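Trainee: I've got a fresh model on screen and a few things to ask. Can we walk through it together?

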Amino acid sequence: MEEFDFGMVGLGVMGRNLLLNMADHGFSVAGLDLDPEKAESLEKEASEKHTIKGTTQAEEFVKLIKKPRAIMLLVPAGKPVDSAIDSLLPFLEEGDIVVDGGNSFFPDTDRRVKELEQKGGIHFFGMGISGGEKGARFGPSMMPGGNESAYERLRPIFEAIAAKVNNEPCVTYLGRGSAGNYVKMVHNGIEYAIMQLIAETYDFLKRGYGISTDKIQKLFEDWNNSELSSFLVEITADILKQADEKTGKGLLLDYISDTAKAKGTGKWTSQDAMNIQAPVPSIDSAVVMRNISKYKEQRVAASKSLTWEAPAENVEEAQLFAEIKDAFYFCMISIYAQGLAQLTIASEEYDYGLNLEEVAKIWRGGCIIRAAALEDFRQAYQKDAALPNILLDETIGKSMVEKQTAARAIVKKVIDKGIPAAVFTSALAYFDAFRSETLPTNLIQAQRDFFGAHRYERTDVEGIFHTEWNS
């Protein structure tokens with residue numbers, strides 16, 4: 001008893017892979033699952049060098065872990081997390097640590113932090129994990145938030161199993177309360193937007209200009225060896241050459257439904273951005289496009305009546321490819337800028353104490369949105385920790401100014417072609433709004449005062465004013 005370094009509740013693929021990763025690094029680990037087969041298979045999968053034990057009994061499981069106990073939950077978000085906590089609580093003691101490794105909604109984490117502290121001084125952490133099953137097994141990016149002193153019990157284990165970039169682990173203590181869940185939520189929002197950006201690029205080239213899939217595949221492959229290098233670009237190049245084994249004809253992609261699914265983290269990002277007044281139009285657009293995709297029957301009907309004949313256009317392929325590459329870079333940076341700015345605003349709103357350089361650092365490896373550009377962001381925050389938006393960094397801002405011509409050219413083309421490109425257009429609109437010294441919202445303020453006496457501020461004198469407008 002009390003001889004194991006770490007415990008895991010939930011021995012599905014992610015939980016089992018994380019435990020095996022820990023065991024690879026010399027830690028003794030125990031797993032709990034109500035399914036006897038999963039508990040047994042964990043031990044069978046272990047090598048002779050591993051110290052691993054599986055069980056189906058909560059009391060036995062808790063007693064196996066060294067004090068103060070470090071236990072992670074990898075169960076579905078919502079009620080299953082509360083049920084797992086309830087099963088452990090009778091056997092936990094003051095100072096023990098429970099880590100929720102799922103994609104829980106951050107207010108739920110804040111509630112659990114308070115409840116477990118009140119029920120016996122137990123520390124609760126919300127920790128986002130990115131990288132999928134392969135990342136869990138060989139090195140994920142992890143985003144923990146909670147009690148800073150309690151994190152020291154977790155740090156050696158998490159740093160050992162995390163992905164490494166320049167020998168630096170892609171994990172760090174992020175901040176108080178639900179900071180870890182919030183950072184992972186925004187990570188997923190950025191992920192939604194970049195995935196949609198990639199899909200729009202594919203659609204624009206294939207449907208708009210009739211570019212072959214082979215050429216588009218080669219384009220993404222080339223991009224992954226440039227400043228656009230990223231996990232999502234890399235896997236897109238792989239997807240675009242995957243043959244369909246079921247039929248033996250053509251590419252698998254051509255047989256996949258265009259009705260997209262979602263688990264909700266992108267929606268949560270947009271919802272809370274609205275709550276704290278953080279503008280993230282490209283993430284909003286990505287969520288909306290997934291929603292539109294669900295209405296397949298209506299889209300099919302509309303395609304027959306709401307027609308558009310695109311004007312003829314002669315474009316050199318090499319020029320088109322150069323433009324789309326620069327436009328993609330421009331929009332990708334705009335997406336990251338929106339997400340990172342939301343984290344800056346949320347950190348102040350929720351008192352997280354986030355360090356954005358550390359966030360950029362741990363996103364460089366292991367996670368789904370890892371990209372070469374994240375090192376540029378890390379350096380920008382290193383130069384100015386109080387930077388409110390990465391577009392204000394001199395180096396990043398200069399690259400955006402240089403590539404905006406291509407972004408504008410591509411947005412004009414998607415409009416002329418009638419290709420839906422909500423993320424391309426919103427990324428450019430965000431840039432243009434952000435760089436505008438004045439916006440027409442003075443007219444909106446006047447309208448609000450006209451019909452609702454909501455009052456307004458003036459530019460020449462301080463104070464709040466109301467006018468009896470002439471009708």
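Mentor: Sure, here come some short questions and answers on this structure.

Mentor: It's a predicted model, so local features need pLDDT of at least 70 and side-chain atom pairs count only at pLDDT 80 or more, while totals for chains, interfaces and linings use all residues. Residues are numbered from 1 along each chain as its sequence is written, and side-chain values use heavy atoms, with hydrogens and water left out.

Trainee: Where does UniProt place the feature "active site"?

Mentor: The entry is unreviewed, and such annotations may be inferred rather than shown by experiment; feature names are shortened and positions follow the numbering used here. With that said, the UniProt record puts the feature at K184 and E191.

Trainee: Is K184 buried or exposed?

Mentor: Buried means under 20% relative accessible area, exposed over 50%, and partly exposed in between (1.4 Å probe, protein chains only). K184 has a relative accessible area of 5%, so K184 is buried.

Trainee: Which residues does E191 touch, not counting residues up to four places away in sequence?

Mentor: E191 counts as buried too, at 16% relative accessibility. Contact means heavy atoms within 4.5 Å. Leaving out residues up to four places away in sequence, E191 touches L232, I368 and I369.

Trainee: How many Å separate the centres of domain 2 and domain 3?

Mentor: Domain bounds come from an automatic or database domain assignment, which gives domain 2 as 184-435 and domain 3 as 439-470. Taken over C-alpha atoms, the separation of their centres is 37 Å.
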